[in-house]
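Hi everyone, thanks for coming along. I'd like to walk you through a structure that is new to most of us, so let's put it up on the screen.

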Amino acid sequence: MNETDIKTLNRVFDVFGRQKMQEALAIIQETFRVREDEISDVRIIKKGITNRSFVFSCADRQYIMRISGIGTDEYINREDEQKTYSFLNHRGICDNVIYINPKTGFKISVYWGQAHHCGYYDFDEIRVCMEKLKEFHQMKIHLENFYDFFGYIQYYEDLWKGAPSIFEDYEETKRDIFLLKDFIDTYPIEYSLTHIDPNPDNFLLFTDENGENQVRLIDWEYAAMQDPHFDIAMFCIYTNYTEEQMDQIIDFYFDHQCDEKTRLKIYCYIAVGAMNFSNWCEIKRGNGEDIGELNHRMYTTAKRYFQKVNEKIKLR
């Protein structure tokens with residue numbers, strides 16, 4: 001490492017903690033069979049809302065290493081994540097994983113420096129990402145784990161450890177959201193592996209060394225068996241889209257052939273997914289992490305889309 005790398009590494013230590021970084025460096029050295037002085041170009045990537053990552057170079061290539069965020073072991077099954085990556089790796093769907101440890105959550109992937117995340121409001125890119133998402137769903141992959149989105153609403157609430165919701169009408173809102181369950185269960189659903197968190201930040205777009213345009217879906221921590229249409233809802237809720245823009249995203253996925261019954265089911269998923277996300281945000285808040293206005297936006301979306309469904313089918 002040169003002097004710049006050493007200074008950067010010291011900042012990395014400050015962010016991740018010296019013990020975790022020493023573990024990370026040991027893993028890099030063992031995985032690539034390099035000395036510490038052969039690791040270079042270290043820099044911190046802007047932290048996500050679940051984990052933190054840093055980029056480094058060795059063996060003439062760049063890689064990105066993920067370090068699990070605080071408390072993630074309470075709500076992420078890293079063994080399931082490893083199984084998902086074992087199945088998907090090198091199929092042109094996900095990030096190319098070099099190392100993953102289900103006990104610690106450390107993960108090393110190839111870093112595509114020229115890649116960029118899907119633009120939140122670049123609807124040409126969003127259309128391409130919906131095509132990629134549909135391509136993945138059409139693989140109809142079956143693994144063992146199942147994502148019970150109603151169960152997770154309560155599970156995340158249990159992780160608040162007795163702290164009340166910041167929303168005064170939380171209990172009423174939760175009852176409303178659970179009214180959607182019987183209606184969703186009337187649909188025949190073909191379960192398959194679903195990403196669960198396919199937000200725009202988890203789509204990478206880039207041109208490969210052969211000049212081919214590529215789209216990859218990264219961060220498969222929550223992936224499990226579920227209705228693939230739940231992924232469409234989760235993409236829609238992540239950013240502050242209008243209802244018209246959410247409908248446009250649904251239309252991209254279905255090539256403008258989404259029937260009204262399926263659209264109404266996706267509206268249910270938007271409400272349930274947003275409630276799920278809001279409860280997850282409360283865990284992060286309880287851990288002292290700054291989640292900005294995300295929690296309020298998710299909670300408001302859950303209520304708004306329950307009302308949108310309720311206007312159609314009169315659940316209460």
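How many of the five residues of β8 are buried? Four of them are, so we can call this strand mostly covered, going by a cut-off of under 20% relative accessible area for "buried". Before I go on, please keep in mind that what you are looking at is a predicted model.

Let's stay with that strand and look at its surroundings. β8 belongs to an open sheet of three strands, and the order is β6-β8-β9. The pairing in this sheet is antiparallel. Now, which strands stand at the edges? Those are β6, residues 116–117, and β9, residues 213–217. Each of the two has a single partner strand, so one side of each is left without a neighbour in the sheet.

Here is how the pairings look in detail. On one side, β6 and β8 run antiparallel and are joined by two bridges. If you'd like a residue to find on screen, take H117: its bridge partner in β8 is L204. On the other side, β8, which covers residues 203–207, pairs with β9 over five bridges, again in the antiparallel sense. There you can look for F203, whose bridge partner in β9 is L217. β8 and β9 also form a hairpin, with five residues between the strands. In that hairpin, please notice G211, which takes a positive phi near 80°.

Let's move on to a pair of helices. Helix α9 spans residues 243–254 and helix α10 spans residues 260–286. They pack at an angle of about 125°, and their axes are 12 Å apart. Angles over 145 degrees would count as roughly antiparallel and 65 to 115 as roughly perpendicular, and α9 and α10 are therefore described as oblique to each other. The crossing of α9 past α10 is right-handed.

Which residues make the contact? From α9 we have M246, D247, I250, D251 and F254, and from α10 we have T262, R263, I266, Y267 and I270. Sorted by class, that contact has six nonpolar residues, three charged ones and one polar one.

Still in α9, have a look at Q245. Is Q245 buried or exposed? Its relative accessible area is 19%, so Q245 is buried. Setting aside residues up to four places away in sequence, Q245 touches Y121 and F123.

Over in α10 you'll find R285. At 37% relative accessibility, R285 counts as partly exposed. Beyond its neighbours within four places in sequence, R285 is in contact with P164, I166 and I291. How far apart in space are R285 and W160? Their C-alpha atoms are 9.3 Å apart, while in sequence the two residues are separated by 125 places.

One last stop: R127, which lies in helix α4, residues 123–137. With 33% relative accessibility, R127 is another residue that counts as partly exposed. R127 and I98 are 29 residues apart along the chain, and their C-alpha atoms are separated by 30 Å.

That's the tour. Thanks for listening, and I'm happy to go back to any part of it on screen.

Note on methods
Residues are numbered from 1 along each chain as its sequence is written. This is a predicted model: local features need pLDDT of at least 70, side-chain atom pairs count only at pLDDT 80 or more; totals for chains, interfaces and linings use all residues. Side-chain values use heavy atoms; hydrogens and water are left out. Axes are lines fitted to C-alpha atoms, for helices over the stretch in contact, and angles run from 0 to 180 degrees between N-to-C directions. Helices (H or I, at least four residues) and strands (E, at least two) are DSSP runs, numbered from the N terminus. Angles under 35 degrees count as roughly parallel, over 145 as roughly antiparallel, 65 to 115 as roughly perpendicular and the rest as oblique. A crossing is left-handed if the near helix is turned anticlockwise from the far one by less than a right angle, and right-handed if clockwise. Contact means heavy atoms within 4.5 Å. Ala, Val, Leu, Ile, Met, Phe, Trp, Tyr, Cys and Pro count as nonpolar, Asp, Glu, Lys and Arg as charged, and the others, Gly among them, as polar. Two strands pair if DSSP finds at least two bridges between them. Buried means under 20% relative accessible area, exposed over 50%, partly exposed in between (1.4 Å probe, protein chains only).
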